[in-house]
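Let's take a walk through this structure together, one piece at a time. Have the sequence and the 3D view open side by side as we go.

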Amino acid sequence: MPIEQLEKVAIDAATEDHEYLWTLNFGPQHPATHTTLRLILTLDGEKVVKAVPDIGYLHSGFEKLGEDLDFNQYVTIVDRMNYISPIANEVAWHHAVEKLLGIELTKRCKYIRTIMAELARISDHLLCIGAAALDLGAFTAFLYAFNQRELLYDIYETASGQRFHPSYTRVGGLLFDINDVFVEKLRAFLKNFPKAHADVCRLLNRNRIFIERTRDIGVLTREQAIDLGCTGPIARASGVVRDLRKDEPYLAYADFDFKVICARSGDCFARYLVRMDEMLESAKIVQQALENLPPGPVNVDADSKAVFPEQKSVYRSIESMIQHFELVMPNRQWASPVDEVYGANETANGELGFYVVGDGSGVAYRARTRPPSYIHFAVFPYLIVGHQISDVVAVLGSLNIIAAELDR
Amino acid sequence: MLMAFDTLTASLRERFGSDSFTTSEFRANRRVHVKPDRLVAFLKYFKDEAGFDMLAELTAVDYLRYPGAQNRFGVIYVLLNTASGERIYVKTSLNEAELTLPSAFPLWKSADWLEREVYDMYGIVFEGHPDLRRILLPEAFTSFPLRKDYPLRGKGERHNFPVITRAES
């Protein structure tokens, strides 16, 4: 049913006698909310008449912390926003910071960051699809998806030493360069991933229960998607042809051949299909980046005073030691321009932007996050009205709300 | 096709007069600074005539101890043209005692939660917003924590939250 008609149904029900309406508290600790979200649903029998989201259960003042920690330290906090694809947040944060500082990365660093960001997209989409299917009763797809995610965690661990919160990027470069083991593991992953992807497709694409529970559920029209500020797969499933990787090419995306996956119908099933196909495109980008990985240093030149010099030279030369000291001491660090900048990346969930205000020091004066989950959760009441209570989990699953990013 | 910033500035000057706004550019972020009382007129112009159909981001900054700052608060609207992909940053300044702005909700529905967050964190009131309540913090919270005069470790609110024990619930 189109949204306009649904709204009419809902309003009629709400203006009449309220006696038969009942209120259901959904969350904050319901398993299908995945994290701490709360919804106050007004129901007419099983039909949702009104939904009021109540958020903030996981608010932990990340943006305030961003005004206290320096550009490199804050990456550990950024990790914990969308913890489903942490490395994409790191890339986005340092993208904004480097834009403020005016640092141009080395080509190798750009390629490695692109690989990491795309792996994060695959890992995010796998979880989103797996969990959405799990909520709708398709348990096997969830296990197949998680099997692949496990391999991705291994790859992150090989690169950074940490599975879940890699904290891999640094201003002007990366924590470590990648090694042969990483390349080997990534090649093995890329070889097996299409098969695993096809398995999940076979489990869900023609699964009658899955289709009936997602098709025509939570329809978001193109105009609504733009009006409500939707980005990423949610906007693309509604026919908004926008992808920052193409529209405002950053990192090395301009070098690669990939498609922007879009759909028209804007329902939960379309969002599922868009995510599914995006994973294959991401794998294609990773493959191209890996095979064309440029040689050379991974960090910008040490003379730029933006990166830590190599450990060996810190011990052997006074200049390097001074530079190391300057970057470590809280009253020295980077000399950011007294100006402000907005930098956005296309992460798995949509446009993840950072509004960074520099005041001449190495700590952001303001580190605002534009979290896609926050924008998308505001859309939820528009999508659910008029549908059944069992559709709440289908719509929530298709929006992929991550509460840690939502509340920050 | 990206509209050159000069062309946009020229059409703005023609429409609103050259003394009603200033522009600046930094790292390809093209900003238009306007006075709070002209804000809605500018936003309407950008939406209806210049094609900026999406409000991608709305945020505020407290410039209390910022080097060279003249106004206490800045509110930034990041507008996006989904057809051409260009962005424009509309910025307005506010000072204490007059912390109200007209709401952008009638223009873009995405302003709903974004304005609520700015109100929650900075105490800037958006007039005409349909439901301006705190969003991330509890209703009973009295301060605005992202203001620069609010301490990093809080003012002890956390220790004074009422705790419901299992026996009472």
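In which hand, left or right, does α5(A) pass α12(A)? The crossing is left-handed. Please keep in mind that we are looking at a predicted model.

Let's stay with this helix pair for a moment. Two packed helices are described by the angle between their axes and the distance between the axes. For α5(A) and helix α12 (residues 268-291) of chain A, the angle is about 155° and the axes lie 9 Å apart. The two helices are therefore roughly antiparallel to each other, since an angle over 145 degrees counts as such. On the α5(A) side, the contact residues include Tyr111(A), Ile115(A), Glu118(A), Ile122(A) and His125(A). From α12(A) come, among them, Tyr272(A), Arg275(A), Met279(A), Ala283(A) and Val286(A). Sorted by class, the residues of this contact are 15 nonpolar, three polar and four charged.

Helix α5 (residues 107-135) of chain A also packs with helix α6 (residues 139-160) of chain A, where the axes come within 8 Å and cross at roughly 160°. α5(A) and α6(A) are therefore roughly antiparallel to each other, and their crossing is left-handed. If you would like to find the contact on screen, α5(A) contributes residues including Leu119(A), Ile122(A), Leu126(A), Gly130(A) and Leu134(A). α6(A) answers with Phe139(A), Phe142(A), Phe146(A), Arg149(A) and Ile155(A), among them. The make-up of the α5(A) and α6(A) contact is 15 nonpolar residues, three polar and one charged. Leu119(A), Ile122(A) and Ile129(A) are among the α5(A) residues that touch α6(A), and these residues are also among those that touch α12(A).

Now for the sheets of chain A. Strands of a sheet pair through backbone hydrogen bonds, either parallel or antiparallel. One open sheet has three strands in the order β1-β2-β3 (chain A), paired antiparallel. Its edges are β1 (21-26) and β3 (47-54) of chain A, each pairing on one side only, and the twist from one strand to the next averages 20°. Seven bridges join strand β2 (residues 38-44) of chain A to β3(A) in the antiparallel sense. You can locate this pairing through Ile40(A), whose bridge partner in β3(A) is Val52(A).

Another open sheet of three strands follows the order β6-β7-β8 (chain A), again with antiparallel pairing. Here β6 (340-347) and β8 (366-370) of chain A are at the edges with a single partner strand each, so one side of each has no neighbour in the sheet. Neighbouring strands are turned by 15° against each other on average, direction ignored. Strand β7 (residues 350-357) of chain A runs antiparallel to β8(A), with five bridges between them. One place to look is Val356(A), which has Ala367(A) as its bridge partner in β8(A). Helix α4 (residues 86-101) of chain A packs on this sheet, where it touches β6 and β7 of chain A, and its direction makes about 150° with that of β6(A).

How many residues of helix α17 (residues 391-399) of chain A are buried? Nine of its nine residues are, and the run includes Asp391(A), Val393(A), Leu396(A) and Leu399(A). Just after α17(A), Asn400(A) takes a positive phi of about 55°.

For a contrast, turn to Gln73(A), in the loop between α2 (62-66) and α3 (75-78) of chain A. Gln73(A) counts as partly exposed because it has 15 C-beta neighbours inside 10 Å. Its C-alpha lies 9.0 Å from that of Arg170(A), and the two are 97 residues apart in sequence.

Finally, let's visit chain B. This chain has three helices and seven strands, arranged from the N terminus as α-β-β-α-β-β-β-β-α-β. Its C-alpha trace spans about 65 × 35 × 30 Å along its principal axes, and 34% of its 169 residues are buried.

Where the chains meet, 29 residues of chain B contact 35 residues of chain A. On the chain B side, β3 (54-62), β4 (73-80) and α3 (111-122) each supply at least two residues. The largest share, six residues, comes from β3(B). By class, this side has 18 nonpolar, six polar and five charged residues.

Note on methods. Residues numbered from 1 in each chain as written. Chains lettered and ligands numbered in written order. Predicted model: local features only at pLDDT ≥ 70, side-chain atom pairs only at ≥ 80, totals over all residues. Axes fitted to C-alpha atoms, helices over the stretch in contact; angles between N-to-C directions. Helix = DSSP H or I, 4+ residues; strand = E, 2+ residues; numbered from the N terminus. Parallel < 35°, antiparallel > 145°, perpendicular 65-115°, else oblique. Left-handed = near helix turned anticlockwise from the far one by under 90°. Contact = placed C-beta atoms within 7 Å. Nonpolar A, V, L, I, M, F, W, Y, C, P; charged D, E, K, R; others polar. Pairing = 2+ DSSP bridges. Buried ≥ 20, exposed ≤ 12 C-beta atoms within 10 Å, placed from the backbone.
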